[in-house]
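Student: I've got a new structure on screen and some time to poke around. Let's go through it together.

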Amino acid sequence: MTGPAGAALRSLGDADLAFLQGLPKAELHAHLNGSIPLHTLQDLATKYGSPSENLSVDIAGTIARLQSGFILTEISDFFTLFPAIYALTATPAALAEASRAVLDAFLNEQATPDGFVINQPAAQCSFIELRTTPRATAHMNREQYLTTVLREIKSFPGRAALIISVDRRMSETDVEECINLAIKLRNEGNPVVGIDLCGDPLKGDVGMFERHFKRAKEAGLGLTVHIAETRENTEAESHALLAWHPDRLGHATFLTEEHRALFFADVPQPNTEISPSDRMPWNPDHPLHKLFLASYKRHLDRILRESTEPEEARTHLSLHIDADKGARRAAVSEVEALVNQKAARGQYKPCIEICLSSNLLCKTVPSLEAHHIRYYLANNHPVVICTDDTLPFRTTLLAEYALLLANRPVGLGLTRAEVKNIAEMGMKARFMAP
Ligand SMILES: CNc1ncnc2c1ncn2[C@@H]1O[C@H](COP(=O)(O)O)[C@@H](O)[C@H]1O
């Protein structure tokens, strides 16, 4: 393991590692073909990577890039990985082997990784919603692709489920076929729990997907979309995606304050600017924070004005402490009333799927300090910690959690209680009912 998550993991002591291992965790944003262990990919290359069959893709070159630690200049480089991986998972047997290896890596106890002194071997997570884009190949159609993956998922009953991804580059006919399959397989009793919109964030027109996602939602499937993953994703596109009311949002890195104010029913935490741990940044630009401050000042003035204390007692500290508390309470009620109004108008709290290493390595976020997770934690907005693609990002779910707990600047420096709370939020955000 390398990169920021590996460094965070290595910085923790045994007690912290044991704490992280013991937390029930849900992995809700992992792409199958991006999560194949390197040794499995090498096995597949030996079995299926014959150059005569795969003339157009550089399998050996891609594996060498992965082996030496994949360095991305920008997010678009990331998608150049997949032609070689796809050439290796193009038959039902290879796809089954890859799926088995991915599920094994997430759900079965793993031996101590090299270089780590971990007391007990432990599973990365208690539960996974694995996602994949059904591909028709020369050896299988989309339905066979999905039934192959589902067969492996079903060998972890109650612990694994499938999210079917549609790619932004797909034609409408393909999208329609994928959604039809999702609904059919779900109706047949398979653990298909949701639909995801993924793929190169700068390709395609999301408008085309709307009616198909609506159909999926009506059929009882959860919806998640990759949204505002890059600076170049337009505000209009994010607005259109939020208007579908997806249950969860992938990345959400470049959502604007306006998007949040319009669509999210967040209650700004009034004490965050004087947070005891000084961890969560106060965002003075948040419209609700501004409202809180204005309301607080108004109530403080009123309480002091209406005070029956004699003039000389008015400078007394205890009066100010009481007035401060009263003004805070009144301001919180006022803001909450506004948020309830927002909720009544359809504003809501979609869980944000946070992939720390992915964002850092794809360079969409410059540092942990600048990561948008801080905003969501400060505003009591649900998040779930996920790996995205363990293969290129060389991470594990345990290591992503280490990024939360490790001291700054290696990690976010959260307390164990805060990390436990985040893990619980993740478990609650599952599409699959426990
Ligand atoms: C870095 N963040 C990301 N943003 C957008 N899409 C991503 C992604 N990471 C992976 N994928 C999507 O998942 C596919 C691989 O898994 P499956 O073939 O579906 O199993 C990629 O081709 C891409 O479309």
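Tutor: One term before we start: a polar contact is a pair of N or O atoms within 3.5 Å; within protein, one must be able to donate a hydrogen and the other to accept it, and residues adjacent in sequence count only if both atoms are side-chain atoms. This is a predicted model, with local features needing pLDDT of at least 70 and side-chain atom pairs pLDDT 80 or more, while totals for chains, interfaces and linings use all residues. Residues are numbered from 1 along each chain as its sequence is written, and side-chain values use heavy atoms, with hydrogens and water left out.

Student: Ligand first, then. How far is a polar side-chain atom of Asp388 from a nitrogen atom of the ligand?
Tutor: Find Asp388 in the loop between strand S8 (383-385) and helix H17 (390-393); helices (H or I, at least four residues) and strands (E, at least two) are DSSP runs, numbered from the N terminus. Its phi is near 75°, a positive value in a residue other than glycine. From there, a polar side-chain atom of Asp388 sits away from a ligand nitrogen by 3.2 Å.

Student: And which residues come nearest, of the 19 around the ligand?
Tutor: A residue is near a molecule if one of its heavy atoms lies within 4 Å of it. Two acidic names on the list also have polar distances to ligand nitrogens: Glu229 has a side-chain N or O atom at 2.9 Å, and Asp389 has a polar side-chain atom at 2.7 Å. With 510 Å² of accessible area on its own, the ligand has 99% of that covered by the protein (Shrake-Rupley, 1.4 Å probe). Of those 19 residues, the nearest are Tyr86, Thr132, Thr133, Glu229 and Asp389.

Student: Back to Asp388: is this residue buried or exposed?
Tutor: Buried means under 20% relative accessible area, exposed over 50%, and partly exposed in between (1.4 Å probe, protein chains only). Asp388 has a relative accessibility of 3%, so this residue counts as buried.

Student: Now some strands. Which residue in S2 is the bridge partner of His31?
Tutor: Six of the six residues of S1 (residues 26-31) are buried, leaving this strand mostly covered. Two strands pair if DSSP finds at least two bridges between them, and S1 has four bridges to S2 (residues 127-132), running parallel. Look across from His31 into S2, and the partner is Arg131.

Student: How many bridges join S3 to S4?
Tutor: S4 (residues 192-198) is largely enclosed by the rest of the structure, because seven of its seven residues are buried. One pairing to click on is Val166 with Leu197 in S4. S3 (residues 160-167) runs parallel to S4, and the number of bridges between them is six.

Student: What is the relative accessible area of His251?
Tutor: His251 belongs to strand S6 (residues 248-251), and its phi, near 70°, is positive in a residue other than glycine. Its side chain has a polar contact of 3.2 Å with the side chain of Asn359. His251 is buried, because its relative accessible area is 0%.

Student: There's another histidine I like. At what distance does the side chain of His259 reach the backbone oxygen of Glu235?
Tutor: You'll find His259 in helix H12 (residues 257-263), and this residue counts as buried because its relative accessibility is 4%. One side-chain partner is Thr256, with a polar contact of 3.0 Å. As for the backbone oxygen of Glu235, the His259 side chain reaches it at 3.1 Å.

Student: Which residue does a cis peptide bond join to Arg408?
Tutor: Arg408 is in the loop between helix H18 (397-405) and helix H19 (416-428), and counts as partly exposed because its relative accessible area is 40%. Its side chain makes a 3.0 Å polar contact with that of Glu369. With omega at about 0°, the cis bond links Arg408 to Pro409.

Student: Last one: how far apart in space are Leu304 and His320, C-alpha to C-alpha?
Tutor: Leu304 is part of helix H13 (residues 287-306), and it counts as partly exposed because its relative accessibility is 21%. In sequence, Leu304 and His320 are 16 residues apart. In space, their C-alpha atoms are separated by 8.1 Å.
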